[in-house]
Amino acid sequence: MEYFKRSLGLSPLALLVAVASNTALGAGAFEPSSKWMSGDWGGTRTALLEQGYDFTLDYVGEVAGNLHGGYNDDRTARYSDQFALGMKLDLQKILGWQAAEFKLAITERSGRNLSNDRISDPRAGQFSSVQEVWGRGQTWRLTQMWIKQKYFDGALDVKVGRFGEGEDFNSFPCDFQNLAFCGSQVGNWVGGIWYNWPVSQWAMRIKYNITPEFFAQVGVFEQNPSNLETGNGFKLSGSGTKGMILPVELVWAPRVNGLPGEYRLGYYYSTAKAADIEEPSRSHSSKHGWWVVAQQQVTAHNGDASRGLSLFANFTVHDKATNVVDNYQQVGLVYKGAFDARPKDDIGFGVARIHVNDDVKQRAELLNAASGIDDYDNPGFVPIQRSEYNAELYYGFHVTDWLTVRPNLQYIKRPGGVEEVDNALVAGLKVQSSF
């Protein structure tokens, strides 16, 4: 009791009243209406939130099994997961620091990915992944450690610390299990320089709200490949830095017929040297690309705007001289609350095309010609890569307010862009929970 009294800055009487009232109203462990599996801790959790302390422990688990096709049709299933332990502090409530907050998150990933040896040819890899939560080292990482401060009644927003580009720029939800429909897509196709969650780097982001519906933002991110290494999950020094990533983005969030939408147009520039695709021994002084993201709810279900159909699209274009993937397109839809008996369930469907730079194909052909190997089954053969296509259909069961389960079917045409690899059908299951 003394610990919470000191932490919350409450008098004994005020603390007793707060805890007693929240105990009466607070949800218990495993209650469907609670936001957390462990419940409200007898009202203590709500009391902490009211005082500016928000503690979280989130879990994502993904299972994938190959039903048909792929590089290796020996059927199996693979499991991967992630735990994220977080703390968000409202510094205005705690310290009187006007319009400021602090965020800390530590993540741990483990498991195996079906894409690596069943779906794709290991010599080429799959550009997307049937288990998006796998990757960037199955290890512990410092994923977020930043302070955000707002000025001029919230018009100017400055964020400084350690975080990834996709947290603010080219942002996109991650309800699908296939990587081609999850998170910042720029980071998926220029992953050597743009590091998505759970990797972090030193960064600063400045956002200015021009109108309530429109803002512009610019960022400066450390480009340090050593942050990707498994043993550097908590590295704070800048050793190994090669340059900077400079993203800029315009974001418009209108309400069309009372329904929310979001439209993003952005550009990134890397100051680090980048190897040429055709001649890796030759380098370029920079690397660049741009993106468009569109999301719009277009219907309300029987007049309920919390339910209905939403459409989305993602497009990215990358430096042809230095990047394996030179362009990517994605479209899809999500319908929330299609059935009155299940108003919080959602259905999602998306298709994506990942186009391989023609120079990559030409280089592979030259390497095979130089080695005199033209047999795909020869271990020394360099696979010829073209476009890879991904599709996913899921149904999200909103089991409770703290648990969502999304079984899904994925279809991958030409995994890794390699025609010799059979098209693959994958069954998946994504579990998202908050403890």
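Is valine 158 buried or exposed?

## Valine 158 and strand S5

In this predicted model, valine 158 has a relative accessible area of 18%. The limit for a buried residue is under 20%, so valine 158 counts as buried. Its place is in strand S5, which covers residues 156–163.

Leaving aside neighbours within four places in sequence, the contacts of valine 158 are Ile147, Lys148, Gln149, Tyr151, Arg205 and Ile206. A pair with a longer sequence separation can also be given: valine 158 and glycine 219 are 61 residues apart in sequence, and their C-alpha atoms are 9.8 Å apart in space.

## Leucine 156

Leucine 156 lies in strand S5. Not counting residues up to four places away in sequence, leucine 156 touches Gln149, Lys150, Tyr151, Ile206, Lys207 and Tyr208. Gln149, Tyr151 and Ile206 are among the contacts of leucine 156, and they are also among those of valine 158.

For leucine 156 and phenylalanine 215, the separation is 59 residues along the chain and 9.7 Å between C-alpha atoms.

## Alanine 100

Alanine 100 is found in strand S3, residues 100–111. With a relative accessible area of 4%, alanine 100 is buried, because the limit for that class is under 20%.

Once neighbours within four places in sequence are set aside, alanine 100 is in contact with Leu89, Asp90, Leu91, Gln92, Lys148 and Gln149. Lys148 and Gln149 are likewise among the residues in contact with valine 158. The C-alpha atoms of alanine 100 and isoleucine 147 are separated by 7.2 Å, with their positions 47 residues apart along the chain counted as the sequence separation.

## Serine 270

Serine 270 is located in strand S10, which spans residues 259–270. Its relative accessible area is 1%, so serine 270 is buried.

What does the side chain of serine 270 make a polar contact with? The partner is the side chain of glutamine 223, at 2.6 Å. The serine 270 side chain also reaches the backbone nitrogen of alanine 272, at 3.3 Å. Not counting residues up to four places away in sequence, serine 270 touches Ile193, Gln223, Met244, Ile245, Ser285, Ser286 and Lys287. Glutamine 223 is thus one of the residues touched by serine 270 as well as its polar partner.

## Second largest pocket

The volume of the second largest pocket is about 550 Å³. Its lining has 26 residues, and those closest to the pocket centre are Pro173, Asp175, Ser310, Val334 and Lys336. By class, the lining residues divide into 10 nonpolar, nine polar and seven charged.

Several strands each supply at least two residues of this lining: S10, S13 (287–297), S14 (308–318), S15 (325–336), S17 (388–400) and S18 (403–413). The most comes from S14, which gives four residues. S10, one of these contributors, is the strand that holds serine 270.

## Largest nonpolar core

The largest nonpolar core has 28 residues, of which Trp194, Tyr268 and Trp291 touch the most other members. Helix H5 (185–189) and strands S13, S15 and S16 (346–356) each supply at least two residues of this core. S16 gives the most, with three residues.

S13 and S15 are among the elements that supply the core, and both are also among those that supply the lining of the second largest pocket.

Technical notes
Residues are numbered from 1 along each chain as its sequence is written. This is a predicted model: local features need pLDDT of at least 70, side-chain atom pairs count only at pLDDT 80 or more; totals for chains, interfaces and linings use all residues. Side-chain values use heavy atoms; hydrogens and water are left out. Buried means under 20% relative accessible area, exposed over 50%, partly exposed in between (1.4 Å probe, protein chains only). A polar contact is a pair of N or O atoms within 3.5 Å; within protein, one must be able to donate a hydrogen and the other to accept it, and residues adjacent in sequence count only if both atoms are side-chain atoms. Contact means heavy atoms within 4.5 Å. On a 1 Å grid over the protein atoms alone, a cavity is a set of points where a 1.4 Å probe fits but cannot get out, and a pocket is an open set with protein on both sides within 12 Å along at least five of seven lines; lining residues have an atom within 4 Å of a point. Grid points are joined across faces, edges and corners, and a volume is the space filled by probe spheres set on the points. Ala, Val, Leu, Ile, Met, Phe, Trp, Tyr, Cys and Pro count as nonpolar, Asp, Glu, Lys and Arg as charged, and the others, Gly among them, as polar. A nonpolar core is a set of buried Ala, Val, Leu, Ile, Met, Phe, Trp, Tyr and Cys residues joined through side-chain atoms within 4.5 Å.
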